Amino acid sequence: MNNINIGVLTSGGDAPGMNACIRAIVRTGIHYNMNIIGIRKGYEGLINNDFYKLNIESVANIIHKGGTILKTARSQDFINTDGMQKSYENLIKNNINVLIAIGGNGTLNGIYKFHNKYEIPVIFIPATIDNNLYGTDITIGYDTAINTVTNIIDKIRDTAESHDRLFFVEVMGKNTGHIAINTGISSGAGTVILPKYHNNLDHLFEHLLKSRRNKSSKIIIISEHNNIGNTFEIAKKVKNHFSSYDIKVTILGHVQRGGKPTCRDRIIASKMGYESIRAIIKNIKNIMIGIINDKIKYSDLNLIINKKKDNVDNIDSVLNMIDILSS
Ligand code: F6P
């Protein structure tokens, strides 16, 4: 397809696998004779006209790298009228025919509003460690993040065990708690506190009361954005009730966003990037490229916008399993 110019940007929190996705977009696009134009720093680059042409070499040796070569930002200016208008003018100036945005919830909302206002054809690719987007089973970066968290908790377990300590480990994941519950399983945690699900500490206290007395070290995972409070406050409340526990808190923070993407993230990122160009060739636009039951799924943006992804399925049963397996 000659004379087609595709703009591509990454926006919001970076996620491991974004580079593999950019690589797939660039190489597939060039294979089909398109021009691929990188936009630096997400929507900020759109506003500031920070565009540059990408070629095969620009994406050499990046498939294994975390972060994003295009850089990213959480742009406050894009959502105001002035920011969107400047972005539109820059897209016209650069002859961009389709804009591909790679990112999370904020990026999706931004691209949707932009498309609705200016009728610019867009494609959205879901990439966030939170895995909190409706319309796809998995987002780019999530698998790496849960592997990172699991590896770190394995290390915490060594020291917890040596000192007979109770550790509260806070993980990211925004409003859905996917990171918390699945790393709860993979790290053999005692229990997990989730957003939108736990409103008090009854479940945790019950767990601590009934768990084996002679098992002195324990790991409890606390998801950020839970309804109860921050992890230090939770630890304090537990200490007030169970004074014999030697309690420590570890906030994992941004380490969860870095590092080499896992094999799974590289695969889904490559597939989503490749499929975004295939969609453009088929003249399918204004969609999110998702993966449902291991198959690529195009979802019309109108059908997924404002829809919320739930916590994991069967949450009671999964929590019960975590309890039983850690007994
Ligand atoms: O959306 C990804 C994420 O890492 C969330 O898990 C977390 O709440 C947030 O971004 C942190 O954002 P920032 O890097 O802007 O502090």
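**Ligand site and domains**

User: What makes the Arg 74 pair with the ligand a polar contact?
Analyst: A polar side-chain atom of Arg 74 lies 2.7 Å from a ligand oxygen. A polar contact is a pair of N or O atoms within 3.5 Å, so this pair qualifies. This is a predicted model: local features need pLDDT of at least 70, side-chain atom pairs need 80 or more, and totals for chains, interfaces and linings use all residues. Residues are numbered from 1 along each chain as its sequence is written, and side-chain values use heavy atoms, without hydrogens or water.

User: Which polar atoms of Gly 173 and His 254 face a ligand oxygen?
Analyst: For Gly 173, a polar backbone atom at 3.3 Å. For His 254, a side-chain N or O atom at 2.8 Å. The protein covers 76% of the 400 Å² of accessible area that the ligand has on its own (Shrake-Rupley method, 1.4 Å probe).

User: How do you know that Lys 174 belongs to the ligand's surroundings?
Analyst: The ligand is surrounded by ten listed residues, including Lys 174, Met 172 and Glu 224. Such a residue has a heavy atom within 4 Å of the ligand. The shell divides into two nonpolar, three polar and five charged residues.

User: What do domain 1 and domain 2 each give to this shell?
Analyst: At least three residues each. The domain assignment gives domain 1 (5–141 + 261–304) and domain 2 (144–258). Their C-alpha centres are 34 Å apart. Their contact (heavy atoms within 4.5 Å) takes twelve residues from domain 1 and 13 residues from domain 2.

Conventions. Polar contact = N/O pair within 3.5 Å; in protein donor to acceptor, adjacent residues only side chain to side chain. Nonpolar A, V, L, I, M, F, W, Y, C, P; charged D, E, K, R; others polar. Domains from an automatic or database assignment.
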